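I opened the model to look up a few points about its packing and its backbone. The entries are in the order in which I checked them.

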Amino acid sequence: MIYWDTSCILKLYAEEADSTCWEEAAIENDGPLVSSALASAELAYAFEQKESRGEIKPKAARVLTNRFRNDVSRGRFQLIPVGADVIDESMALATHCYHAKS
């Protein structure tokens, strides 16, 4: 099993320089692609950002978000639930890491 980060999933839906590499990896993968349930929200934001910067066509963000949701429903992706405790700890860790003294 390989964990699919949101930035990698994004490349499957919105053309980027290395999208082909990730498309090939997705094809070679046996079973569903695994990611966190957070990927749904992160992808929605990423698609909206791309649309606002003119990197994808107007209204494409909603289409791409729906395409991802459909792929989740069809089993192409397995999204692992994340509890509030994980979110809280992640946020605390981010603060700790970026404010730690070397």
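My notes on the core, one helix residue and one loop residue follow.

Entry one, the model. I am working from a predicted model, and I read each entry below with that in mind.

Entry two, the core. I looked up the largest nonpolar core and found that it has 19 residues. Those that touch the most other members are Trp-4, Ile-9, Leu-12, Tyr-13, Phe-47 and Phe-77. I then asked which elements give two or more residues to this core. They are α1 (6–13), α3 (38–52) and α4 (60–73). The most comes from α1, which gives five residues. As background, I noted that nonpolar side chains tend to be buried together in soluble globular proteins.

Entry three, Phe-77. I listed its contacts, leaving out residues up to four places away in sequence. Phe-77 touches Ile-9, Leu-12 and Tyr-13, and also Pro-32, Leu-33, Phe-68, Asp-71 and Val-72.

Entry four, Thr-65. I located Thr-65 in helix α4. Is Thr-65 buried or exposed? Its relative accessibility is 18%, and the limit for buried is under 20%, so Thr-65 counts as buried. With residues up to four places away in sequence left out, Thr-65 touches Ala-44 and Phe-47.

Entry five, Lys-59. I found Lys-59 in the loop between α3 and α4. Its phi is near 70 degrees, a positive value in a residue other than glycine. Lys-59 counts as exposed because its relative accessibility is 67%, and exposed means over 50%.

Definitions and conventions: Residues are numbered from 1 along each chain as its sequence is written. This is a predicted model: local features need pLDDT of at least 70, side-chain atom pairs count only at pLDDT 80 or more; totals for chains, interfaces and linings use all residues. Side-chain values use heavy atoms; hydrogens and water are left out. A nonpolar core is a set of buried Ala, Val, Leu, Ile, Met, Phe, Trp, Tyr and Cys residues joined through side-chain atoms within 4.5 Å. Buried means under 20% relative accessible area, exposed over 50%, partly exposed in between (1.4 Å probe, protein chains only). Contact means heavy atoms within 4.5 Å.
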